[in-house]
Structure formats: structure tokens, C-alpha cells
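Q: Please take a close look at the second largest cavity and its surroundings in chain B. What lines the cavity, and how are the sheet and helices of that chain arranged?

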Amino acid sequence: MAKHPTDAGHVAACAACQAREGLRGLDVDLDRVWFGVAAEVWARPVGPVETALGRLLGSPGLARALLTTPSLLLSWVLASAAVLAVGAWVTRTTGEPWVALLAPAVAGAGIAYAYGPGVDPAFELTQTMAISDRIVLLVRGLAVFGVNAGLGLLASLVAAPARGVTLAWLIPMTAIAAFALAVATLTRSPGTGVSAALGVWMAIILARAAGTRDFASAAEPGPLILLYLVSTLGCIALVLLATGGTRKDAVRWL
Amino acid sequence: MVVAGNVNANAAVSVQARSVIQRFGRTDVLKGVDLALAPGVFGLLGPNGAGKTTLLRTLATILTPSGGTLRLLGLDPTQPDQRRRLRRRLGYLPQSLGYYPNFTVAEFVEYFALLKEMPSADVNRAVARAIERVGLSDRARSKLKTLSGGMLRRVGIAQAVVNEPDLLLLDEPTAGLDPEQRVGFRTLLREIGEHGVVIVSTHLVEDVAAACSTVALMDAGRIVFQGTPDHLTSLGTGHVVGDSPLERGYSRVLAEARA
């Protein structure tokens, strides 16, 4: 397929063939020259955010997967918006605690679906990549929850109703996602990370509801909000430290 | 057992499967497949539903075998660390290539080069080489949604070969390619087959005849023939079903397997 026709008509119209013809008399590796030129011309400019993320995560591929999947950005927004909208509606109409209790799992499942075989067209290919699709999913999950929590905090400054959603759901979900990623990174097992995070979430709820059986209150972060925030930052720091840059002993993403 | 070349001489570039079973629910899609492959181009023939795609997906580490053992490039794909090392050296083209419509050809190939953990410094040159090898230089900056089916197939081949894989798995790679492109594609297969194991699943027996050093015929989850294309051709002597000698051999083996 790389063969180009040699007739004069083709050469007259083909820049690559003209370059080859022009260099044929010189003692150079034409393929090497051409690939070098093509690599420069076709290279996608890498922005500062992607460069920084690549260094932080110790994986340019993970940074690329996280930042530059424009055709999938809509699914991020839709998954988040759907979970929040349904949750707000159910909570308002029923007053039941189930939404707050299940919000992390529901949101996680939504994101998993957005990047799973149902929506991601290249899902089958991603399953064969060295960077595990599951670790990509965990990083994306944390990114979604983190961005939403940040936006929620900003919205809380101007709209009081946003405060409840942010404190009750978004910050705990971000903390749980960060914990899952940290455990997955250190144990080198995405499955262990997810299991540990769900286990911790359930343990918190059960412990807080043990005396009162009031699951609605147990799901509200209340005094734990500071713990969630500190835990989130700590887990992110741990992940970045463990995977950090080019250190030879850095944990590698599974 | 299919044996192509001297597997033991270079286990680091080989495929070894022993009694591999793939079970979905109560159905065994693969019923004990044995393979031993060394570098070269290996053709996988068979009717629809024979298990070719399932075998390729198993070798591509998408599916974990329900039974049996696999060693790919000397590595155990069930072990996370080894699976990761294996995937860096793997190229895979699925039967139905999913793609991101707004990516350009170069962006798509680069995306998978990065996910294969190629060194960043090598990525751009490797992308250029892969795109050139599939003859899409003039469309490198075109968005995928603007390409024809045959061009998309070639984009899929480019992402599969961008890391110069030691194990290349291609499921119906020539679907949508015109005759000239298929000739070029066979050359590419032979080039990669010089240093790596290439497994091509196809319905087109002429692809096998032209490009493959070894061929297997699958039916109902089993390998019912293994050998060279010449051997398969010779089996067709005197058989009337089929338009070419190789097709007659294919038909005869299949008929006898089902008898």
C-alpha cells in the first residue's frame, strides 16, 4: 500500500514522490527523511495541560485518554447530569435516603457505561491496550467527580440549592473515586480499588447508622465533609507520588 | 496441533495454546484449540460461527480462556504484569473497527500508540510510518468521519502496526479493500511476518494463498485442518465444490469434518 505509481503524471502531482525523486541522487535514507518530515507535519500539538498531566501521571497515554477524547465529552456531561437530575427529583419527591446512599455507585456505573461497550466506539480496541481500560476508567471517574465537585462548590457561592448536592453527593463521590484510584494504583489492581472504595463507603454508612438506623442522615457527610476533602487530596497526592514522573521505582499503571 | 516454524527456538516470539476452551453460558465456542506458532503469517479460515473471531479475541487478551493454557510471546496473559508487557507488543484489528469520528487519521493512530505505551519520543515518527505503510499519507489530517469504508479499514491496520508488533491479530482485514490495496496489504503482512507472528482471520482464500505460510481451518470451535496452503490445495483434487484449487480443498476438508 505504501507503493506510489512511478508514472510521470503521478509524480507531477505527488509531493512525496517529488521529494523522493529530488533526493534520489543524494546518499540519504529517503524513507527516514520522509517519515521525519511527515512526523513533524502531522504531529498533533500537545497543550500545556496535557504535558503537565502526562508528567504528573507518569503516563502520556493516560493523560491523552483523560483529556483528548472530544467525541466522548458529551457522555461525561450527560452521565453526570442524568444522575444529578434523577437524584434531585427522587429525593425531593420521596424524601427517601436511597439516592444519597447509592449515588456513588450509580454515578460510577453511569461513567462506566459512558466509556464501556455501550457508548465508546473503540471500546474493543481499548481492551487490548497496555494501559488498562479499567485504570483509565478510574482516572476518568475521579476527573468527572472532581470537576463536578469543583463546579458545585462554585455554584454554592451563588445558589444555595447547589450546596446540598455538592456537600451530600459530589464531594463524597470524589473522595470515594480518589480512594478507589489510590488503592488500585498501590495494589496494581483496579478491581481491588473499586471493591475497597465501595467497602469503605458502606462501612461509613453502616457505622454512622448503627445506633439510629437513620440511613438518610448517615449518608449526609455532616462533620465528615472535612475528612472527605482531606482524604481526596491525600489520595490524589499518593497516586501522583506513586506514579510520579520518570522515577525508576514508580508504580506503573496497570 | 498447528506447528509453524520452530517454536521452541524462539519462545519470546511465539504463540502457544493448549486445549483452549472458550465458554459462553452453556455453549463452548472454542472446544479445545491447540496452536504452536513461530514468526510468519498464519491464515485462519472457516465459515461464519466457526470460532475464528472468538479465538482472535482470546489471543488479543480481551477474553480470558475458560479452560486450557496460553503463552503469547513467552508471556502468560492471565498475569497482569505479563499481560501488560504482552499488550505493548500486540497489534489487533477487530472485525468491526470502532472509531472516534472527529479524530483525524494521525490523531487516531497516535492515540493508540500512546495507549500501547510507546516512548513519547518515538510516537510521531511511528505514526507517520504506519500511515505511510497503509497508503493514507494524503489523508493523514482528514477526520475519520470523512473517510470511506476501505480507508477506515486501513486506518485500523495502521493503528495495529504502529508499534511494530511481535504479535499481530487481524480479523477480516481485507474487507473493503480494493484489489490493489489487498496486494499492498499482503506485502505488509509478509514484512511483519519476518520478525513476528501474524494471524489473519479471513473468508478470502486468495488472501491465504498469497500471503500465508501456514493455514488452519476452523469449524464448530475446533481446528479441523492445519498445514500449508499447498497442502490444503492438494486436498481439493477431484473435489467439485469451489472456484479455485484452494477453495476446493477448503470445501472438501469442511465437508469431511462435518460428515
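A: First, the terms. A cavity is a set of points, on a 1 Å grid over the protein atoms alone, where a 1.4 Å probe fits but cannot get out; lining residues have an atom within 4 Å of a point. Grid points are joined across faces, edges and corners, and a volume is the space filled by probe spheres set on the points.

This is a predicted model: local features need pLDDT of at least 70, side-chain atom pairs count only at pLDDT 80 or more, and totals for chains, interfaces and linings use all residues. Residues are numbered from 1 along each chain as its sequence is written, chains are lettered from A in the order in which they are written, and side-chain values use heavy atoms, without hydrogens and water.

There are 3 cavities of 30 Å³ or more. The second largest holds about 40 Å³. Its lining includes B:Phe185, B:Arg186, B:Val200, B:Asp207 and B:Val208. Helix H6 (179-193) and helix H7 (205-211) of chain B each give two or more residues to this lining. Helices (H or I, at least four residues) and strands (E, at least two) are DSSP runs, numbered from the N terminus. The lining divides into 6 nonpolar, 2 polar and 2 charged residues. Here Ala, Val, Leu, Ile, Met, Phe, Trp, Tyr, Cys and Pro are nonpolar, Asp, Glu, Lys and Arg charged, and the others, Gly among them, polar.

B:Val200 also belongs to the sheet: in E8(B), B:Val200 is the bridge partner of B:Gly43. Strands E4 (40-45) and E8 (197-201) of chain B pair in the parallel sense over 5 bridges. Pairing takes at least two DSSP bridges between two strands. The open sheet has 6 strands in the order E6-E7-E8-E4-E9-E10 (chain B), with mixed pairing. Strands E6 (90-93) and E10 (222-227) of chain B are the edges; each has a single partner strand, so one side of each lacks a neighbour in the sheet.

Notes. On a 1 Å grid over the protein atoms alone, a cavity is a set of points where a 1.4 Å probe fits but cannot get out, and a pocket is an open set with protein on both sides within 12 Å along at least five of seven lines; lining residues have an atom within 4 Å of a point.
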